[in-house]
Amino acid sequence: MTTNEPISERWPALPYAEWSQTLETLHLWTQIVGKIRLRQTPWINHSWHVSLYVTPTGLTTGSVPYDRGLFQIDFDFLIHQLTIKTSTDKRVNIGLYPRSVASFYTEVLDTFRQLGIDITIQGTPNELPDVIPFADDQVHQSYDAEMVGRFWQAIVRMYSVFVRFRAGYTGKCSPVHFFWGSFDLAVTRFSGRRAPLHPGGAPNLSARVMQEAYSHEVSSAGFWPGNAQFPEAAFYSYCYPTPADFGQQPVEPAGAYFHPEMGEFILPYEVVRQSAEPEQALLAFLQTTYDAAVSTAHWNRDELDCDLSSYEYQ
C-alpha cells in the first residue's frame, strides 16, 4: 500500500508551545495510572514493572494482578477514553477531555472501588519539581485532543524504529516502553557489568530507586516531548557511567549534537520529521550514539551485538 501523504505529515509537527499545558496534564494522568501498576506489581529490575506499553491506539499497563485475577488500564488516544477492564468480564470507560487532575484522579480511584478492587497509591507526582497532590490539583486541566492525537501518531512512527534497533542486541535489553515518571519512550541496553553507585538527584524520586535503575552499565535512548526548561521535542541518547570522551564522538544524522549540561546526545524531533527518510535518520542516531557509548566504555561487542534478520524469513 502506498500513500501520497507527505512524510512530514506522517511524522506530525509537535511544537511544544502549542500543547505544553495539555502535555503537563496528560503527564500527570499517566502518573496516576502508572502508580496503580507500580502498587500492584512485584518490583522488576530497573523499574520495568512501572512502565506503560505502546498499543495501536495508545498506552497500556498490560495485565496487572489483583486478588481475583487481572485488570488492565488503556489510554485510547484515537477515541480519547481511558478503559479499565478485568478478567471477571467488567469494563468501564472514563472520558479524556479538558478536566482537572483532581477530577481524573477521583474518578479513576472511584471506578476501581466500584469494580471491587482495593487500590491505594502514593498521591503525589514523581520526577517533577514543585508538585501538587493529585487530589488537590485544579491547576492542570487542559486536553487538546488534536495535539494528543499528533503526539500519539509520532509515537507510532518512532516505535517501529526503536523495535528494529532493539533487535540488533543479544545482551540484556529493556522492552521499548514508556516511562510515566519522565514521560518518555525509551529502550535501554546493558553491558552486563556493574555500574558505580548512582548519585540520584531526580526531583521527588528516591535515590535508592535511581540506584537500582542504574545498578549496571547502560546505553539508553528515547524520545521526550520537552518541558519548560527544554521546550522542544527531541530524541536523546546517553550512557551510564559516562566516559569522559563520550560526547566527543561523531554521530549521525546532521543536526544531532551533544548537550554538555544534560550529558547526552540530542536529535531534535523536527530534524527527523523534515528528513527525506525519517526512519533511517532516527535509526542512524540510535546506532551511532550506541557506537559512541560502547567504544568509549569498552563493551564487549562481539558477545552483545547480533544480526538475527535472516530468521525473519524462516
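Helix H7 is mostly covered, with 14 of its 20 residues buried, and it offers a convenient place to enter this predicted model. The helix runs over residues 278-297, and since each residue should contribute 1.5 Å, its 20 residues should span 28 Å; the C-alpha atoms at its two ends lie 29 Å apart, which agrees with that expectation. Following H7 comes histidine 298, whose phi is positive, near 60 degrees.

The same reasoning about length can be applied to helix H4, which comprises residues 145-166: at 1.5 Å a residue its 22 residues should span 32 Å, and the distance of 31 Å between its end C-alpha atoms agrees. At the N-terminal end of H4, aspartate 144 acts as a cap, with a side-chain oxygen placed 3.1 Å from the backbone nitrogen of glutamate 146. Further along the helix, the buried residues are Met147, Val148, Phe151, Trp152, Ala154, Ile155, Met158, Val161, Phe162 and Phe165, where buried means a relative accessible area under 20%.

From the helices we turn to backbone geometry in the loops. Most residues other than glycine have a negative phi, and most peptide bonds are trans. Against that background, aspartate 89 deserves a look, as its phi is positive at about 70 degrees although the residue is not a glycine. Aspartate 89 sits in the loop between strand E5 (81-86) and strand E6 (91-95), and because its relative accessible area is 75%, it counts as exposed, the cut-off for that class being over 50%.

A second aspartate with a positive phi is found at position 130, where the angle is near 50 degrees, again in a residue other than glycine. Aspartate 130 belongs to the loop that lies between helix H3 (101-114) and H4, and with a relative accessible area of 76% it is therefore exposed.

The peptide bonds of one further loop also call for attention, namely the connection between strand E10 (234-240) and strand E11 (257-259), in which proline 241 has its place. Tyrosine 240 and proline 241 are joined by a cis peptide bond, for which omega is about -5 degrees. Proline 253 is likewise found in the loop between E10 and E11, and the bond that joins glutamate 252 to proline 253 is a cis peptide bond too, with omega about -5 degrees.

How values were computed. Residues numbered from 1 in each chain as written. Predicted model: local features only at pLDDT ≥ 70, side-chain atom pairs only at ≥ 80, totals over all residues. Heavy atoms only, no water. Helix = DSSP H or I, 4+ residues; strand = E, 2+ residues; numbered from the N terminus. Expected span 1.5 Å × (residues − 1). Buried < 20%, exposed > 50% of the residue type's maximum accessible area, 1.4 Å probe, protein only. Polar contact = N/O pair within 3.5 Å; in protein donor to acceptor, adjacent residues only side chain to side chain.
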